[in-house]
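The following exercises are to be worked with the sequence and the coordinates at hand. Each task is followed by a solution in steps.

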Amino acid sequence: MNERLTQPAPKLARTTAGLERYVPNKAQPWDDVRAGHLLRRTVFGPTPTEINEAIRSRPEDVVEQLLTDQRLPDPPDTWVNEDPFVRPDRDQRRIQREQLDQTRQWWMTLIANQGLSLTEKMTLFWHNHFATQAVDVKRPQLMFKQNTRFRQSAFGNFKTLVLAMNTDPAMLYYLDGRLNRVGKPNENYARELMELFTMGVGNYTEQDVGEASRALTGWVVDGRRSRLNDSRHDKGQKTILGETGNWNDLSVTRIIFDQPVTARFICRKLYQEFVYHYPDEHIVDQLAQILRENDYELKPVLETLLLSAHFFDDSTIGSKIKSPIDLTAGTARSLGLRVGEGDNLTAEFLVDQAEDLGQKLLDPPNVAGWQGYRSWISTNTLPKRHLHTDKLVDGKSHFVGRNYYTMNPMDHKAYIKTFPNPWDATELVHSMGRCMTSFPVDAEREEMFLTVLLEGAEVYDWNPDATGAKFRMANLLKLILELPEYQLG
C-alpha cells in the first residue's frame, strides 16, 4: 500500500444522520451556528453580514447561490496570452519567476475578495487534487491556463475535467507526458491518473499502468497548447482493466470511468473536503451512486451533501482544521479587510504568510498534494498562526521573512457594527463568538469575552462609539482569533 494515501479509519460512525434533507427544528435550528458552518465550509472567511443574510434565507437558496456558475475573472496580465520562453536565459527565468509570483498574488486576491460562491474553494480543491508544482513546470502561462480550467470545471463534470487533465500542458510538463512516446512509454502520468486522480491504490495492476501509458503516448506541448503528434502515438493493441483495443487518451478515461470505484474515489475526497477527514463509507457509496446516475456531474452530489442532515449534524460542525489559506485569506475576508494595492493588505503579504504556515499557492509539496488535517498545526505553526491574526487586527506594518509590508489598519468600529446589535455587550460577544468560531458561547466564554471588552465597566456602559472602545474591540478580536476553536471550521 502507498503510505501517502493510507489512513486509519474510525471504528464507529460519528452520526446516524444520512443524506436526507436537513430540516431545521428546535434541536438543530437554522441559525448563526449552522449558517456559519455552511459558509465556512464553502467560502473562505464568511463575514457577519453574509451569515446574517443566510439566516434570513433558506439553506436551499444559499446552496443554490453557492453553486451558481461564475464568470471568469480578468487575467493577471497580458503575458498570459504569450507563448512561454522556449530556452529561457537568465533574465527570462527571472521574468518567469516574477510572473509566477504575480499569478499567485492574482489568485490570492480572488480568494480574499471573493463573493458568495463555491468557486474559489473548488478551484483550490482541484489544484490540490491534480497537484502540479510550478517550481517544476516553470511556465507561468501554463499554470494560469490550468487554474482557468479548474475554475471552468469547479463544480462541473468530473469526467470532462479528467479528460482535460490528460492533455493539460502544465500536467504534460509536470508528469512527463510530453516525453511519453511509442516504443519508450513514460508511466508517470498514467500511474498518478489511476492512483491519485481517479481510482486509488489497489484497484489496478502494474500492467494496467504500463498499458495506459502506451494509450497516452504522443502528446506534446507547442507554446501554450497541447497537440497529438500522431507519429509518436502507440497504435498497437492494449489491455487496460480487462478491456483490449487500440486505446487512446479518450479510451483510457472511458474505461476508468466505467469502474464503480472511480465515483467512490472522488466522492470520498469531496467528503473529506466538506465534512470530515475520515469518511463515512456508507455516505460515500450513496454519493457515488448519485454521481454515476448523473454521468459524473458534480452539482447534484454537492447539492445533496451540502443540504443533508449528515452535513449539518453536530458532529460535523467544527470538525475540520483550517488550512493556511483559510487562516490567512479567510481571516482577512471575515474581518472585512480588502486585498489589493491601496487596500488594507497586499496579496503578496497573504501569499508569504500562507507559505510560512505550510501552503504555497501553485506549489503543493508533491503530486499527492497537501496532506492537510492535523499536519496543518504544529508547535512551530500554531504560534505563527496567532501572530498572523494579531497582525491583521493591529494593522501594523512588519516583516515577513525578509520582506517588509505596509498595512492599512482595519476599521474596528465598522466591523463590530456588522453584528446584529453591537450596542448590547452581552449580545455582541455571543454573536461574535458564534460567527467567528463554529461553536456557541457558553457562560465561561461569555465572562471571558466581556471582561476583555468592558475592562471593568458595567455591561450597560458599553458603547462602541466611545473613546478607547476600538482598543478593547481589538483586544477581544485577538482573543477570539487565538482560541483553539478558531483553528477549526
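**Exercise 1. Establish the surroundings of T119 in this predicted model.**

Solution. Step 1: leaving aside neighbours within four places in sequence, T119 is in contact with Q70, R151, A154 and F155.

Step 2: T119 belongs to helix α5, which comprises residues 119-129.

Step 3: the relative accessibility of T119 is 8%. The cut-off for a buried residue is under 20%, and T119 therefore counts as buried.

Step 4: a polar contact of 2.8 Å links the side chain of T119 to the side chain of S117.

**Exercise 2. Determine which residues have the most contacts inside the largest nonpolar core, and list what W126 touches.**

Solution. Step 1: the largest nonpolar core contains 144 residues.

Step 2: within this core, the residues with the most contacts are W126, F130 and L335.

Step 3: when residues up to four places away in sequence are not counted, W126 touches F150, S153, A154, F158, L161, I266 and L298.

**Exercise 3. Describe helix α21: its span, its buried side and its exposed face.**

Solution. Step 1: α21 runs over residues 443-454 and has twelve residues. From the first C-alpha to the last, α21 reaches 16 Å, close to the 16 Å expected at 1.5 Å a residue.

Step 2: the buried residues of α21 are R445, F449, L450, L453 and L454. Because they cover an arc of only 140° around the axis, they lie on the same side of α21.

Step 3: the elements that cover these buried residues include α20 (425-436) and α22 (469-481).

Step 4: E444, E447 and T451 are exposed and sit on the face of α21 turned away from its buried side.

**Exercise 4. Two residues other than glycine, Y296 and E455, have a positive phi. Locate each and decide whether it is buried or exposed.**

Solution. Step 1: phi of Y296 is near 70°. Y296 is placed in the loop between α14 (281-293) and α15 (299-306).

Step 2: the relative accessibility of Y296 is 3%, so Y296 counts as buried.

Step 3: E455 has a phi of about 50° and comes just after α21. The loop that holds E455 lies between α21 and α22.

Step 4: E455 has a relative accessibility of 53% and therefore counts as exposed; the cut-off for exposed is over 50%.

**Exercise 5. Trace the contacts of E50 and state how it relates to G115 in sequence and in space.**

Solution. Step 1: E50 is part of helix α2, residues 48-56. With a relative accessible area of 14%, E50 is buried.

Step 2: outside the residues up to four places away in sequence, E50 touches L39, L116 and R333.

Step 3: with R333, the contact is also polar, as the side chains of E50 and R333 are joined at 2.6 Å. A polar atom of the E50 side chain also lies 3.0 Å from the backbone nitrogen of T47.

Step 4: E50 and G115 are separated by 65 residues in sequence, and their C-alpha atoms are 9.8 Å apart.

**Exercise 6. Assess the burial and the contacts of V339 and T253.**

Solution. Step 1: V339 is located in the loop between α16 (324-334) and α17 (347-356). The relative accessible area of V339 is 2%, and V339 is therefore buried.

Step 2: not counting residues up to four places away in sequence, V339 touches T109, A112, N113, L345, T346, A347 and L350.

Step 3: V339 and Y404 are 65 residues apart in sequence, with a C-alpha to C-alpha distance of 16 Å.

Step 4: T253 lies in helix α12, residues 249-257. At 2% relative accessibility, T253 counts as buried.

Step 5: with residues up to four places away in sequence not counted, T253 touches K159, V162, L163 and N166.

**Exercise 7. State how many disulfides the structure holds, and decide whether C267 and C435 are buried or exposed.**

Solution. Step 1: the number of disulfides in the structure is zero.

Step 2: C267 has a relative accessible area of 0% and is therefore buried.

Step 3: C435, at 8% relative accessibility, counts as buried.

Note on methods
Residues numbered from 1 in each chain as written. Predicted model: local features only at pLDDT ≥ 70, side-chain atom pairs only at ≥ 80, totals over all residues. Heavy atoms only, no water. Disulfide = S-S within 2.5 Å. Buried < 20%, exposed > 50% of the residue type's maximum accessible area, 1.4 Å probe, protein only. Core = buried A, V, L, I, M, F, W, Y, C linked by side-chain atoms within 4.5 Å. Contact = heavy atoms within 4.5 Å. Helix = DSSP H or I, 4+ residues; strand = E, 2+ residues; numbered from the N terminus. Expected span 1.5 Å × (residues − 1). Arc of directions from axis to C-beta. Polar contact = N/O pair within 3.5 Å; in protein donor to acceptor, adjacent residues only side chain to side chain.
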